[in-house]
Amino acid sequence: MRFDTIVIGGGMAGLSAALRLAEAGQKTLLMASGQSALHFSSGSIDLLDTQGDPRAALPAFMAAQPDHPYAKVGLANIEASLTDLQRHCAEDGLPLYREEHNHQRITPIGTLKRTWISPATCAYVTEAPVPDSLLLATLEGFRDFHPALAAANLATQPRFAHCRILTGEIRLPQLAEFSRNPHEFRSADIARLFDRQPNLLADLAREISRMVRESGEPACRHIVLPACLSLGLVGPRLAELEKLTGCTLREVATMPPSLIGMRMQEALKRRFMALGGTFLTSERVLGARYEGDKVIGVHSQNGDDQLFEAAYFVLASGSFFSRGLESRLGGIREPIFDADVLSLPERDAWAGRRLFDHHPFMGFGVKTDDKLRVLRGGKPLRNLYGAGSVLAHYDPVKEGSGSGVAVATGWQVAGHILAEV
Ligand SMILES: Cc1cc2nc3c(=O)[nH]c(=O)nc-3n(C[C@H](O)[C@H](O)[C@H](O)COP(=O)(O)OP(=O)(O)OC[C@H]3O[C@@H](n4cnc5c(N)ncnc54)[C@H](O)[C@@H]3O)c2cc1C
């Protein structure tokens, strides 16, 4: 099987690259072994954790770190990549929200987290005044969102000083079947039920109205719910609920699985396939065949002896979390191409002593040249590009740059490939 480009990895980086390539008319294959970080993430795209406009901070940030992936993309292309992502999501019916500066997402534990782009259905704080009252609600028996904890934390935020934060519980007898086994009472189980039984929405609306009436603040019109009302695009469902209740409704991410991240993954995947791309799931790439300094094909766990051939390859297999990088007693390795990896020889130096210390291993990853071509034996492989969290020289947690780097580098390597053909 021969393609123009094969992308390894179905997370944010792989999808960003694959979408640009497919849209430009390339015969593109995306191979993904399993879930990506999106299945566990907030679904927001962090660009850089700064107050105000992160784009204003990026030039100095890149100048100070010339090896950082952002520095290999450049500000104009970083912006173009994010605009493209918003366009693709909008085309699939998933509107994303952003301002000219970072906004703050309300997290499941009621803290505020700065980010650049969020799905429009999420609960976030903008420049607009915070309402006088806000009701954090959950579903009776649901364990993955705790309004009392979130309310206590939110109440300590200066922006919420004047806001009366209420909590409530929605009781739906239709959910009783899940209570038998708490492992079945997850956001995805609830969402599946709402997707199967659209009539449930009217009952939910009645329950929300009851909860508001009994909350002690019947004038409250702002409700935050755990993200569990649909596996698919939830916007129309929330709009319908808003019509029925007269309240604004926003979602907060729950403990994983994160439906907000999964919806984004599915939206981008659908869009890629609508553009003619081929997405192979449960397809772990094991190794590659080379001719000189070029990769000529990759083989996978399911493919027996089959070689998937292409003119270009993108390595977007993620970090340790997705097994794009592996930690062994002997050191850190990239398992598919045995690419050159940045790490520290002394194992004790890999991690800080405390959980919230700086952890050097977060910056470990695959080395690339200025065009993001993957290095092997000190030299770039001519047609293999790296993108996303498999890359060295960036720390998504410390910098607050996780998906920003993934989107930007995926988009950039697609641009390098398109410039060559
Ligand atoms: C739990 C978690 C939550 C996060 N939350 C956020 C957030 O809210 N906002 C943010 O900006 N950043 C977040 N991040 C940072 C995250 O790294 C980036 O956001 C980004 O999603 C990473 O994308 P990626 O495509 O590089 O890697 P991943 O999303 O990890 O995707 C890697 C892909 O490669 C596939 N793969 C791996 N090995 C192989 C193989 N051998 N063959 C085929 N496929 C393979 C995997 O199955 C997966 O599809 C989070 C990270 C983690 C781990």
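1. Start with S322: a polar atom of its side chain sits 2.6 Å from an oxygen atom of the ligand. Keep in mind while reading on that this is a predicted model. Two backbone contacts go with the S322 one. S389 brings a backbone N or O atom to 2.8 Å from a ligand oxygen, and a polar backbone atom of M12 is 3.2 Å from an oxygen atom of the ligand. On its own the ligand has 1,000 Å² of accessible area, and the protein covers 88% of that.

2. Who else is around the ligand? The shell counts 33 residues, and S42, V285, S322, S389 and S403 are the closest of them. By type, 17 of the shell residues are polar, 13 are nonpolar and 3 are charged. Looking at secondary structure, α1 (12-23), β2 (28-32) and α11 (402-420) are the elements that put two or more residues into the shell. The top contributor is α11, with 3 residues.

3. Next to S322 in the numbering there are two residues worth a look. F321 is in the loop that runs between β15 (308-315) and β16 (326-328). F321 counts as exposed because its relative accessibility is 56%, and the cut-off for exposed is over 50%. Leaving out residues up to four places away in sequence, F321 touches A37 and F40. In sequence, F321 and V390 are 69 residues apart, while their C-alpha atoms are 10.0 Å apart in space.

4. The second one is R323, also in the loop between β15 and β16. Its phi is near 70°, so a positive value in a residue that isn't glycine. R323 has a relative accessible area of 45%, which makes it partly exposed.

5. D338 also shows a positive phi, about 50°, without being a glycine. You'll find D338 in the loop between β17 (331-333) and β18 (341-342). With 49% relative accessibility, D338 comes out as partly exposed; exposed would need over 50%.

6. Now helix α2, residues 54-64. Which of its residues are buried? They are P54, R55, L58, F61 and M62. Why do they end up on the same side of α2? Because they cover an arc of only 100° around the axis. On the face turned away from that buried side, α2 carries the exposed residues A56, A60, A63 and A64. The cover over the buried residues of α2 includes α3 (75-91) and α10 (396-399).

7. Have a look at the start of α2 as well. There, D53 has a side-chain oxygen that comes within 2.8 Å of the backbone nitrogen of R55. R55 is itself one of the buried residues of the helix.

8. S230 is a loop residue, placed between β10 (222-226) and α8 (235-245). Is S230 buried or exposed? It counts as buried, because its relative accessibility is 4% and the limit for buried is under 20%. The S230 side chain makes a polar contact of 2.9 Å with the side chain of D195. D195 also appears among the residues that S230 touches, along with A191, R237, L259 and R263, if you skip residues up to four places away in sequence.

9. T245 belongs to helix α8. Its relative accessible area is 11%, so T245 is buried too. A polar atom of the T245 side chain lies 3.2 Å from the backbone nitrogen of C247. Not counting residues up to four places away in sequence, T245 touches A205, I208 and S209.

10. One last backbone detail to check by eye: the peptide bond from P256 to P257 is cis, and its omega is near 5°. P257 lies in the loop between β11 (248-252) and α9 (259-274).

Key: Residues numbered from 1 in each chain as written. Predicted model: local features only at pLDDT ≥ 70, side-chain atom pairs only at ≥ 80, totals over all residues. Heavy atoms only, no water. Near = heavy atom within 4 Å. Polar contact = N/O pair within 3.5 Å; in protein donor to acceptor, adjacent residues only side chain to side chain. Areas by Shrake-Rupley, 256 points an atom, 1.4 Å probe, with all protein chains shown as cover. Helix = DSSP H or I, 4+ residues; strand = E, 2+ residues; numbered from the N terminus. Nonpolar A, V, L, I, M, F, W, Y, C, P; charged D, E, K, R; others polar. Buried < 20%, exposed > 50% of the residue type's maximum accessible area, 1.4 Å probe, protein only. Arc of directions from axis to C-beta. Contact = heavy atoms within 4.5 Å.
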